[in-house]
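Me: Let's go through this one by asking questions of it. Could you put it up first?

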Amino acid sequence: MVRAPHFDPSRPNIARIYDYFLGGKDHCRADREQAAKIIAIAPYVPRLAVANRTFLGRVVRYLAKEAGVRQFLDIGSGLPTRQNVHEIAQEANADARVVYVDNDPLVLVHARALLATTPTTHVIDGDLRDSGRILGEASRFLDFSQPIAVLLFAILHFFPDGGEHDPYRIVSTLTDSLAPGSYLAISHVEPAPAMIEAAGAYTAADVAFRDHHGVLPFFNGTTLVEPGLVRLNEWRPDDHDSIYPSDWPDVPVWVLGGVGRKP
Ligand SMILES: C[S@@+](CC[C@H](N)C(=O)[O-])C[C@H]1O[C@@H](n2cnc3c(N)ncnc32)[C@H](O)[C@@H]1O
């Protein structure tokens, strides 16, 4: 039985801390205090969150405009922010269908109010640990006989290897359910010593760091599009990245990202 989190402002929370790092406004004191501890250890962590979000933007633009994908399943979608998936996808194709999935009650409330604003955009209360249920719910809105892009940005690193909720098995269940020509997009933190130290101050969740060899098998059954699995800033940089401030220190972007296509 998969247990969903409940809203507790006194405990630091994955979605709200990430929102704080992105410069959003949906966070509580416990989140800000925890973020401050993390920033004291690794001042560039908010920059990595922004790098992740700009990567998401580039990937969705690529999928919608260049690859012609018209259906998106964004799992662990997070609190609404700038450049949400449906805004980018529907700019390219007005009828693009987007399903957002998250298990956080605050995310769901905000997403239903701010994201599900077009007839082709939907929000599902779903947990990645129960991928079968996500697929069942999503099939009410998406046509699984046609290509779908599954987006798993900054979520798989909350899943340790093995056990009942082994992330490799979960991802392969998702990939297996997709039609040829579908895509899988992933971002995932790397085990850089500074990141591991910063994670020591992060109590919202345990972090399962993975290097290139650990992230690559998630793409089994797909072929990586160029430039492959790389640090996020190396993945097809474009002019849109300038919507975010760029005056942070120049440190490596210790987050890997890639896009695979199911042949
Ligand atoms: C760091 S945020 C990333 C948000 C967005 N994907 C992005 O990259 O900008 C991670 C999100 O995953 C959600 N999440 C964590 N565990 C989850 C699970 N087991 N099932 C569904 N969502 C989950 C959190 O609630 C949060 O909104």
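**Contacts, packing and odd spots**

Me: Which residues does H27 touch, not counting residues up to four places away in sequence?
Reply: Touching here is a C-beta affair: two residues are in contact if those atoms, placed from the backbone, lie within 7 Å. Skip residues up to four places away in sequence, and H27 touches R16, I17, D19, Y20 and R32.

Me: Before going on, what kind of model is this?
Reply: Residue numbers start from 1 along each chain as its sequence is written. Local features need pLDDT of at least 70, side-chain atom pairs count only at pLDDT 80 or more, and totals for chains, interfaces and linings use all residues, since the model is predicted.

Me: Is H27 buried or exposed?
Reply: H27 sits in the loop between helix 1 and helix 2 (29–41); helices are DSSP runs of H or I with at least four residues, strands are E runs of at least two, and both are numbered from the N terminus. A residue with 20 or more other C-beta atoms within 10 Å of its own is buried, one with 12 or fewer is exposed, and anything in between is partly exposed, with C-beta atoms placed from the backbone. H27 has 23 such atoms within 10 Å, so this loop residue is buried.

Me: How many helices and strands does the protein chain have, and how much of it is buried?
Reply: The secondary structure comes to nine helices and eight strands. Of the 263 residues, the share that counts as buried is 45%.

Me: What is the radius of gyration of the protein chain?
Reply: The C-alpha atoms fill a box of roughly 50 × 40 × 35 Å along the principal axes. The radius is taken over C-alpha atoms, and the globule rule is 2.2 Å times the number of residues to the power 0.38. For 263 residues a compact globule would come out near 18 Å, which agrees with the chain's 17 Å.

Me: Which residues of the largest nonpolar core touch the most other members?
Reply: A nonpolar core is a set of buried Ala, Val, Leu, Ile, Met, Phe, Trp, Tyr and Cys residues joined through C-beta atoms within 7 Å. The largest one has 77 residues, and those touching the most other members are L73, V150, L151 and A185. The largest share of this core, eleven residues, comes from helix 3. So, for the members with the most touches, the names are L73, V150, L151 and A185.

Me: What does L73 touch, not counting residues up to four places away in sequence?
Reply: L73 is in strand 1, and L73 counts as buried because it has 29 C-beta neighbours inside 10 Å. Leaving out residues up to four places away in sequence, L73 touches V99, V101, A138, L142, I148, V150 and L151.

Me: Which residues of helix 6 are buried?
Reply: The face turned away from the buried side carries the exposed G132 and G136. What covers the buried residues includes strand 1 (71–75), strand 2 (97–102), strand 3 (121–125) and helix 7 (167–176). Within helix 6 (residues 131–138), the buried ones are S131, I134 and A138.

Me: Why are they on the same side of helix 6?
Reply: The arc is that of the directions from the helix axis to the C-beta atoms. The buried residues lie on the same side of helix 6 because they cover an arc of only 55 degrees.

Me: Where is A154, and what is its phi?
Reply: A154 is in the loop between strand 4 (149–153) and helix 7. It counts as buried because 22 other C-beta atoms lie within 10 Å. Its phi is positive, in a residue other than glycine, with a value near 55 degrees.

Me: Which peptide bond is cis?
Reply: P227 is found in the loop between strand 6 (223–224) and strand 7 (230–231). With omega near 5 degrees, the cis bond is the one from E226 to P227.

Me: Which residues come nearest to the ligand?
Reply: A residue is near a molecule if its C-beta atom, placed from the backbone, lies within 6 Å of it. Helix 1 (14–21) and helix 3 (45–66) each supply at least two residues of the shell. Of the 20 residues around the ligand, those that come nearest are A15, G76, G78, D104 and F153.
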